[in-house]
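Visitor: Hi, I'm new to this one. Can you put it up and walk me through a few parts?

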Amino acid sequence: MTGDPMTDGPMTDGPMTDEELHELADKQAALGEVRGVPAPDPVNIPMIRHWLAAMGDQNPAYLDKGVAPPAMAQVWTMQGPRATAKDRSPVDDMMAALNAGGYTGVVATNCEQTYHRYARLGERLTPATRFSGLAGPKRTALGVGFFATWNVTWYAEDDEPVAEMLFRVLKFRPPARKTTKDPYPLQPAINQDTAFFWEGVKEGELRIQSCADCGLLRHPPGPLCPHCRSTGRSHTVVSGRGTLYSYVVHHHPPVPGRETPFVVGVVELPEGVRIVGNVVDCPPEEVRIGMSLRVTYRRMDDELVLPMWTPGEP
Amino acid sequence: MLSGRTAIAGIGATEFSKKSGRSELRLAAEAVLSALDDAGLSPADVDGMVTYSQDSNQEIAVARETGIGDLTFFSRVEYGGGAACGTVAHAAMAVATGMARNVVCYRAFNERSGRRFGQPNSRLTGEPTSQGLEMSWHVPFGLMTPAAWVAMFARRYMHRYNATSEDFGRVAVAMRRHAATNPAAWFHQRPITLEEHQASRWIVEPLHLLDCCQESDGAVALVVTSAERARDLRRSPAVITAAAQGSGAGQMMMTSYYRDDMSGLPEMSLVGRQLWEMSGLSPRDIQTAILYDHFTPFVLAQLEELGFCGRGEAPELLKDGGIELDGRLPVNPHGGQLGEAYIHGMNGIAEAVRQIRGTAANQLPAVAHVLVTAGTGVPTSGLILSAG
């Protein structure tokens, strides 16, 4: 449970529309081929030996002839987990924008490599990336998403292309999980006389019924004003301050959806009514009749928010 | 007027246990037949039946089992244990007005081995009925057991009058002392000390385990008839000198937290005023009081509301065994619900009848008038029964 049940926090930049995503894709493609940072190490025997062992490739030709297996192209320029020099590419901004748009899922769908020649021992390769297209949104089995495609070419020091790769990913929006919390077992019954209260707490308001005619405040609410018989009902959003009038510390028996011990209090509002709620953020042994409280809102499940009370200044 | 026109002529009960091993209907039938035998009446004499609205045995089912035939009056009384004396009040009204001649009141349940009232029940708020809505201001916060509802009042009472947990404990000690010498009591021969009360675990602060009454299986039945007819029956009558029900302004079922100062029981005050007025008696005319004791704190509030002491003075009255058998006002000589059994207050009415008859296990001397109350914290009821 967190302090603010209403949102997960504001986004610093709003998500892009589909149209804006395509505009960004066009912009990134227009950058053309962008050179990256050269490989940290030249093509070398230890890396080739590790790679061959990992792949189970027993062909002796590579080491005999001093060349790297072509499929190792990516290996030479792959950033390590502690890379410090960020190798920017036109793909990065596109991926960030898709993530911000909620297309956080990723799955590689295509990888086509073209080999021009062997890379030789001692050569230091440099990658160059060209963003080549965005397609979507498309409905897929994984969810709605965009296909993003880019090409990488590895150059030797003589600017001769050694290998090329076309890479395509599906960036998709993961289906919303049905519930983020188990349904809270202690649900209130709600009808047309009481709905305003529960809608209020969902919006972070403590609403107390007030008679539209005589102004009498009343809690718990009901269909008529017992003072003037008016059925004209309104409500006041009260200050959210209160004083503890009485309380209990529940130990036994266990209560569904609750961890014992917990505190329930009768809170007297300065507006003149009493209301029942939990006293939270305070050890039970420090709870006292007369203590100042302020309302807080706790999300119990996807639907229910309960008003609770936390120690506060008078 | 109702006063003096009707009487309780018979009482009957099953044994009090934690597991009766029998259906609730069977318990009801056994208690009803036992009460009729006690009165010297046959099932064919019965033409009226009253029970609690919470009882799971319909009047017609109990009538079928016991051979009771035509019924001209049947009624139910609401609000849990608050119904106890109300069943007798309804029966007395029916007899006094000629709606029925002989009315059986009963309460039967397997409250320990079956559905236990003290356990949380999330269905309390299942439907937007008036009660479901009322509960919805409390149950979502986990405030959903009778002990918790009562504890909220108890804490305020302590604050208002500087009362302590020991003050509540003296009620439990007295009840267990009385039960110790009542062979029908579950806690027969098992008295407790105040230290044991204080050491018992918290249920809902400020209530310890030993502030809470037990849970029981069992049944009690009573036969109400005219005072005149009762005098011709087997037993000496317990005359219904006064009977009353009471619900206060802003009343709720156990959670009347939104009115007054929360340190009293206005509905019991209302019952008391009616009882004194109808009977012409006053607290000093009462030899023993049967006060509903599902939780100890409300015994204090009742002593005050009924005028046995002033407001805030119950702790003083309780000191030095004030409500024990040899005290200023012996309360619940049978051990009450804390000591004898929890039959929703009906066993207390039977004890009042025994005290009038002079046949109680812990018989008090020269009992002329007994005051009986029903469930507290709910709309309630009361009786004054008299010898004669």
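Guide: Sure, and keep in mind that this is a predicted model. Let's start with helix α5 of chain A, residues 90-100, where Pro90(A), Val91(A), Met94(A), Ala97(A) and Leu98(A) are buried.

Visitor: Why do those buried residues line one face of the helix?

Guide: Looking down the axis of α5(A), you find its buried residues within an arc of 130°, so they line one face.

Visitor: And what do the buried residues of α5(A) pack against?

Guide: Two kinds of element in chain A: the helix α1 (18-30), and the strands β1 (34-35), β3 (126-140), β4 (143-155) and β5 (161-172).

Visitor: Okay, what follows α5(A)?

Guide: Gly102(A) does, and its phi is positive, near 95°.

Visitor: Switching topic: how many residues does each chain put into the contact?

Guide: Chain A gives 30 residues and chain B gives 32. On the chain B side, the elements that supply two or more residues are α4 (130-135), α5 (146-161) and β5 (202-205).

Visitor: Which one has the largest share of that side?

Guide: That's α5(B), with 6 residues.

Visitor: How do the residues on that side of chain B divide into nonpolar, polar and charged?

Guide: There are 18 nonpolar, 10 polar and 4 charged ones on the side of chain B touching chain A.

Visitor: Back to β5(B): which strand of chain A do bridges join to it?

Guide: Strand β9 of chain A, residues 241-250, is joined to β5(B) by 2 bridges, and the two run antiparallel.

Visitor: Which residue in β5(B) is the bridge partner of His250(A)?

Guide: Val204(B) is the partner of His250(A) there.

Technical notes:
Residues numbered from 1 in each chain as written. Chains lettered and ligands numbered in written order. Predicted model: local features only at pLDDT ≥ 70, side-chain atom pairs only at ≥ 80, totals over all residues. Buried ≥ 20, exposed ≤ 12 C-beta atoms within 10 Å, placed from the backbone. Helix = DSSP H or I, 4+ residues; strand = E, 2+ residues; numbered from the N terminus. Arc of directions from axis to C-beta. Contact = placed C-beta atoms within 7 Å. Nonpolar A, V, L, I, M, F, W, Y, C, P; charged D, E, K, R; others polar. Pairing = 2+ DSSP bridges.
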